[in-house]
Amino acid sequence: MSRFLLRRSGIALITLLLASVLVFVGARALPGDPAIALSGEGFDPAANAAIRQKYGLDDPLPVQYGRWLILVVQGELGRSTRSGLPVAAIVRDRIPLTLELAGLAMLLAIAIGLPAGVLAAARRGGRVDLLANAVALSGLSVPHFWLGLMLILLFASSLRLLPASGFTPFTEDPLDNLRRMILPAFVLGTGIAAVLMRQVRSTMIETLGADYVRTARAKGLSERDVIVGHALRNSLISVVTLVGLELGALISGSVITESIFLVPGFGRLIIDAVVSRDYPVIQAVALISAAAYIVLNLGVDVMYSLLNPKIRVTRASA
Amino acid sequence: MTAAMAGFPRRVPSFALIGRFSERPLAVVGAILALGVVAIALAAPFIAPRDPASTDFGALLLPPLSEGHPLGTDDLGRDVISRVIWGAQASMQAGVFSTLLAVLVAVPIGLVSGYYRGAPDLIAMRLTDTMLAFPYLIVAVGLAVVLGPSLTNATIAIGLVQIPKLLRVTRGEVLALREETFVAGAVADGATDAFIIFRHILPNVVNTLLVQSTIIVPYAIIAESSLSFLGLGVQPPTPSWGVMLTTAQPYMDRAPWLALVPGLAISIASLSFNLFGDGLRDALDPRLRR
Amino acid sequence: MSEPVLAVSGLRKHFVLTAGLFAAVGTVRAVEDVSFEIRSGETLGLVGESGSGKTTVGRCVTRLIDPTAGRITLNGADITRLSRSRLREMRRHMHVVFQDPYSSLDPRMSIGDIVAGPLRHHGIASGGELRRRVDAMLEAVGMRAGIRDRFPHQLSGGQRQRVAIARALILEPNLLVADEPLSALDASVQASIINLLLDLQARMGFACLYITHDLSAAKVLCDRIAVMYLGRIVEVAANEQLFAAPRHPYTQALLSAVLTPDPSAQQARRRIVLEGDIPSPVEPPSGCVFHTRCPVAIARCAVDEPALVDHLGDGHVAACHLIGPRGEAPDILAGAQP
């Protein structure tokens, strides 16, 4: 098993490097002075010369890439052309918020999607199933940023239950923080909940029809034991796989959600950066998103292999 | 002459497809609605009552069912229903062309990769993994920054992001098909590789491609509206449902219909393609009886 | 005596099992040192259980898979390592009929197109001439020419197999490899296909490698029969000789399992039931591969692999240490259960 993990880590590393090459090439393809594009500094000639040296801009391209990579790994991400602040610091400030949002959203998604999928599979064809399917389908079809707008309309404007925007750090006032997080997390999580519910439902239906489950029933196990003990464990594998696949959607989704709810997180950073042509920030966000995705997927692979030997897996499609 | 088939057929034959599809009411509804959206998009110049860009400062923020404006007007006096109708064009453009891009790139690579395996396959898979690491928004942002925001660039970004999954699916089908006995028969016939790939394997992959395409379209519709909402896609004053939502945001209290209408349009459009796609998938699955 | 159509010598095929990308975890020795010849107009049966390697031999012979070692010649030309383009030219002279009639025809092609395949790929005919030859072939296999426009799903299993045969024989190849063509068919249909094959062979004179696990079909169709076990040939003999006087213990066991039509004769027979399952081809037994299940194995059998010996110089060969110098077969009933 560890050989498998070693292989997967190797592949993840290669993918990460390839991604970094793409980001680097993208940054160099931008119009304008590469020194400014890469570092966000060097607006005056004297500083510019120093930047050119630091990034090795007069050396051949592969060397440039190497130097850039070393700087990045050390945490040197340049300065924002908009605010002049070091990018690394900006990112460090904003990431926790997005992580909290994403975490809450995923929790919500699992809390809603998993039981819904199980119920729908257990009462297949019944009213619960149909309802769950309808809701899931709507969840997939409705653009979730619009859902966010509608929810703001409903809860903030009309009912005045929850605040529409702004935020308080968790450390200052946890309750207020969560109050403000509920809507965005819900918006972000429902799309994933829909996909999750469908996947769980189909995997469970497949498993419930499998031979070894029939044997369990024949042995006299109660329906609840059959579902929870056997079928559910199998579904966990698809849940894990799906979580991995949906992480990309989470990152994209957080951008929009944060824009609507005015949460100053990592996702919103990229929009602000694009609007103001803040190249170093854009680079950093692209790189970090890709790295996060790759690392998280590796984590999913690890979990998958941990779950695998203990459960007899029917060919669940990812 | 009737067929006496042993067990389940491996693939649903084409002639049975339409029959199986029409047995599902939801799928048929989806198909009709989807067709409707496409028709509206194509006929926009002829059916929109007014010019979607013409402003009327004397008729700002009129509610629905006002005279001359069945769905009201926005903050610049533009007719909402006309903008909604014209907005269908942006969505359909994004939907169709991004799918086309994805298919034209992913399918040939998937065919070669799956049939020949070996080195080209390994390279393609590594590249796919790399592409998968970038969420579509980052790709769209990248393109917007380098090339400037526009519907075309947004469409390209959406298409690019679909390539890895489509490539995986195609490759998977090809891997399975090349083990089929009739492929061995074609080899024994003396067929060239090109013939086998194009006349034996590709036609049998088409079913799956069709289903995947119907999954891409609703995704593209939502993606385009999201990107336009963020300012990375369609640029105002061109109407797009996403752009309409951006302009609606500040007026949510006073004129909630401005946000409601385009959102409903997006939802209905994507729902119809989702239903259509689901129905198609079920109809093509030989394991499902009826 | 003319050259054999097909000559196989020392054929070996090993499949390497890998876990993941590079780790080799074992080798399946599917075919080990197989040699035989088939002459024009002759049918050689290749008989064995599943896992004996007979299908793999068929695939190697037609280069649908590549052999690990050995030599294959078709009409005297060595095709073992021929390049793909040269190989394609050679395919004019050989073809295959597969086991499963439901997957061996492309569901999206019409019958006419399927049968016309070889004609098109080798540029032999086109247009009206092509149609003529396709129709003639369809009628030769007992179907109406009008079936040309139908699709496989509209035909029954037996009809599809006829189409497969038509497609295989349309270029009048020198060699036909038939890989269990009857297994997927109903018993009533099998008889008509057998007759068709006999008829066509008499007319066209092709050599035929007939792969099967069914001895009774082999008895009807084959001039000579080779028995395979775990990738090796253990006995080869002319049809009547094999059934009248089998030498190898495995052959004897196989034959005892074949039902005879006469019930009282069937009652009187003693059945030999082999113990255990066929061993895994990944780890074949040492010495004689059959010794683990052989009722009369001796110590030597676990150590020395017996060679195929032609005891009486008449072409009847068998590989067993217990066969007498004049071809006397070991009496395996002596060690068997009553």
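Why does E172(C) count as partly exposed? I will start with that residue, bearing in mind throughout that what we have here is a predicted model. E172(C) has 14 C-beta neighbours inside 10 Å, and because a residue needs 20 or more to be called buried and 12 or fewer to be called exposed, E172(C) counts as partly exposed. It is found in the loop between α5 (157-169) and β7 of chain C, and its phi is positive, at about 50°, although E172(C) is not a glycine.

Chain B offers a residue that can be described in a similar way. R117(B), which lies in the loop between α3 (80-116) and α4 of chain B, has a phi near 55°, again a positive value in a residue other than glycine. With 14 C-beta neighbours inside 10 Å, R117(B) counts as partly exposed.

Let me go back to chain C and to its sheet. Eight strands form an open sheet with mixed pairing, and their order is β6-β7-β8-β3-β9-β10-β12-β11. At the edges stand β6 (94-97) and β11 (309-310) of chain C, each with a single partner strand, so one side of each is left without a neighbour in the sheet.

Taking the β11(C) edge, this strand pairs with strand β12 (residues 317-318) of chain C in the antiparallel sense, over 2 bridges, and V309(C) stands opposite A318(C) in β12(C). At the other edge, β6(C) and β7(C) pair in the parallel sense over 4 bridges, and the bridge partner of M94(C) in β7(C) is L175(C). In a regular strand the side chains alternate between the two faces of the sheet. In β6(C), M94(C) and V96(C) point one way while H95(C) and V97(C) point the other way, and all are buried.

Two helices should be looked at together with these strands. Helix α9 (residues 249-257) of chain C lies across β9 and β10 (232-238) of chain C, and runs at about 105° to β9(C). Helix α1 (residues 54-61) of chain C packs on the sheet, where it touches β3 (43-47), β7 (175-179), β8 (207-212) and β9 (224-229) of chain C, and its direction makes about 150° with that of β8(C).

How is chain C divided into domains? Domain 1 covers 41-65 + 77-222, and domain 2 covers 245-338. Their centres, taken over C-alpha atoms, are separated by 33 Å, and the contact takes 4 residues from domain 1 of chain C and 5 residues from domain 2 of chain C. On the domain 1 side, the touching residues divide into 1 nonpolar, 2 polar and 1 charged.

Now to the place where two chains meet. In the model, 34 residues of chain B are in contact with 35 residues of chain A. On the chain B side, the elements that give two or more residues are α4 (118-132), α5 (136-147), α8 (193-230) and α10 (257-284), and the largest share, 8 residues, comes from α5(B). That side of chain B divides into 21 nonpolar, 10 polar and 3 charged residues.

I will finish with confidence in chain B, which averages a pLDDT of 82, with 92% of the residues scoring at least 70. Confidence is highest in helix α7 (residues 181-189) of chain B, at 92, and lowest in helix α1 (residues 14-22) of chain B, at a mean of 69. Over residues 1-9 of chain B pLDDT stays under 50, and the model has 13 contacts beyond four places in sequence for them. Where pLDDT is low, the predicted coordinates should not be read in detail.

Note on methods: Residues numbered from 1 in each chain as written. Chains lettered and ligands numbered in written order. Predicted model: local features only at pLDDT ≥ 70, side-chain atom pairs only at ≥ 80, totals over all residues. Contact = placed C-beta atoms within 7 Å. Nonpolar A, V, L, I, M, F, W, Y, C, P; charged D, E, K, R; others polar. Domains from an automatic or database assignment. pLDDT = per-residue confidence, 0-100. Pairing = 2+ DSSP bridges. Axes fitted to C-alpha atoms, helices over the stretch in contact; angles between N-to-C directions.
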